[in-house]
Amino acid sequence: MFARKVTFQLKPNSVAEFTRTLENEIIPLLRKQKGFQDEIALVVPGGTEAVGISLWDQKESAEAYDRGNYPKVLTALSKVIDGTPRVQGYEVCNSTFHKIAARVAA
């Protein structure tokens with residue numbers, strides 16, 4: 001499993017609109033993307049920053065999304081974010097929710 005973490009600076013007083021955009025535009029788009037597993041969105045208290053963590057079956061699926069539909073997501077979020085989001089990729093080594101155990105070195 002592979003994870004993409006995207007960190008956003010939110011415009012003032014935009015948490016409600018961020019949440020609506022996520023629910024109405026971004027999640028439906030993600031659900032159509034091959035290999036998409038889950039999306040977790042976090043907002044810091046005070047609403048100045050948000051983090052989106054998307055989970056994918058494999059790195060290649062996340063990369064295909066990044067090349068294909070991610071620009072559409074940025075367009076949808078442009079009304080609620082300032083600056084350029086920071087994107088990082090991770091191999092998922094453990095998840096109790098997805099029942100992924102940490103790999104043990106032999």
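Colleague: Which residue of β3 stands opposite L42?

Modeller: In this model, which is a predicted one, L42 stands opposite V51 in β3, and V43 stands opposite A50 in that strand.

Colleague: What makes β2 and β3 a pair of strands?

Modeller: Two strands count as paired if at least two bridges are found between them. Strand β3 covers residues 49–56, and 7 bridges join β2 to it, so by that cut-off the two strands pair, and they run antiparallel. Together β2 and β3 form a hairpin with 5 residues between them, and G46 in the turn has a positive phi of about 95°.

Colleague: How do you know that β1 pairs with β3, and with β4?

Modeller: The cut-off is again at least two bridges. Between β1 and β3 there are 8 bridges, and these strands run antiparallel; in β3, the bridge partner of F8 is A50. Over 8 bridges β1 also pairs with β4, in the antiparallel sense, and there Q9 has D82 as its bridge partner. Both pairings therefore meet the cut-off.

Colleague: What is the order of the strands in the open sheet?

Modeller: The open sheet has 4 strands in the order β2-β3-β1-β4, with antiparallel pairing.

Colleague: Why are β2 and β4 called edge strands?

Modeller: Each of them, β2 as well as β4 (81–91), pairs on one side only. From one strand to the next, the twist averages 15°.

Colleague: Which helices lie across or pack on the sheet?

Modeller: Helix α1 lies across β1 (2–10), β2 and β3, and runs at about 175° to β2. Helix α2, made of residues 59–68, packs on the sheet and touches β1 and β3, while its direction makes about 35° with that of β1.

Colleague: Why is β1 described as largely enclosed?

Modeller: A residue is buried when its relative accessible area is under 20%. Of the 9 residues of β1, 7 are buried, so this strand is largely enclosed by the rest of the structure.

Colleague: Is T21 buried or exposed, and how do you know?

Modeller: T21, whose place is in helix α1, has a relative accessible area of 2%. That value is under 20%, so T21 counts as buried. Leaving aside residues up to four places away in sequence, T21 touches I26, A76, L77 and K79. From C-alpha to C-alpha, T21 and V80 are 9.0 Å apart in space, although 59 residues separate them in sequence.

Colleague: Is Q33 buried or exposed, and how do you know?

Modeller: Q33 lies in the loop between α1 (15–31) and β2 (36–43). Its relative accessibility is 14%, which is under 20%, so Q33 is buried as well. Residues up to four places away in sequence are not counted here, and with that exclusion Q33 touches W56, A64, Y65 and N69.

Colleague: Is N13 buried or exposed, and how do you know?

Modeller: N13 is found in the loop between β1 and α1. At 84% relative accessibility, N13 is over the 50% cut-off and therefore counts as exposed. N13 also has a positive phi of about 55°, although it is not a glycine. Most residues other than glycine have a negative phi.

Colleague: How do you know that the buried residues of α2 are on the same side?

Modeller: In α2, the buried residues are S61, A62 and Y65. They cover an arc of only 100° around the axis, which puts them on the same side of α2. What covers these buried residues includes β1, α1, β3 and α3.

Colleague: What puts the buried residues of α3 on the same side?

Modeller: In helix α3 (residues 70–77), Y70, V73, A76 and L77 are buried. Their arc around the axis is only 115°, and that places them on the same side of α3. Among the elements that cover them are β1, α1, α2 and β4. The face turned away from the buried side carries the exposed residues K72 and T75.

Colleague: What makes R4 a charge over the ring of Y70?

Modeller: One part of the test is a distance within 6 Å of the ring centre. R4 lies over the face of Y70 at 4.6 Å from the ring centre, so that part of the test is met. Y70 also belongs to one aromatic cluster with F36, W56 and Y65, and the structure holds 4 aromatic pairs.

Conventions:
Residues are numbered from 1 along each chain as its sequence is written. This is a predicted model: local features need pLDDT of at least 70, side-chain atom pairs count only at pLDDT 80 or more; totals for chains, interfaces and linings use all residues. Side-chain values use heavy atoms; hydrogens and water are left out. Buried means under 20% relative accessible area, exposed over 50%, partly exposed in between (1.4 Å probe, protein chains only). Contact means heavy atoms within 4.5 Å. Rings of Phe, Tyr and Trp (its six-membered ring) pair if their centres lie within 6.5 Å; planes under 30 degrees apart count as stacked, over 60 as edge-to-face and the rest as tilted. A charge sits over a ring if NZ of Lys or CZ of Arg is within 6 Å of the ring centre and within 35 degrees of the ring normal. Axes are lines fitted to C-alpha atoms, for helices over the stretch in contact, and angles run from 0 to 180 degrees between N-to-C directions. The arc is that of the directions from the helix axis to the C-beta atoms.
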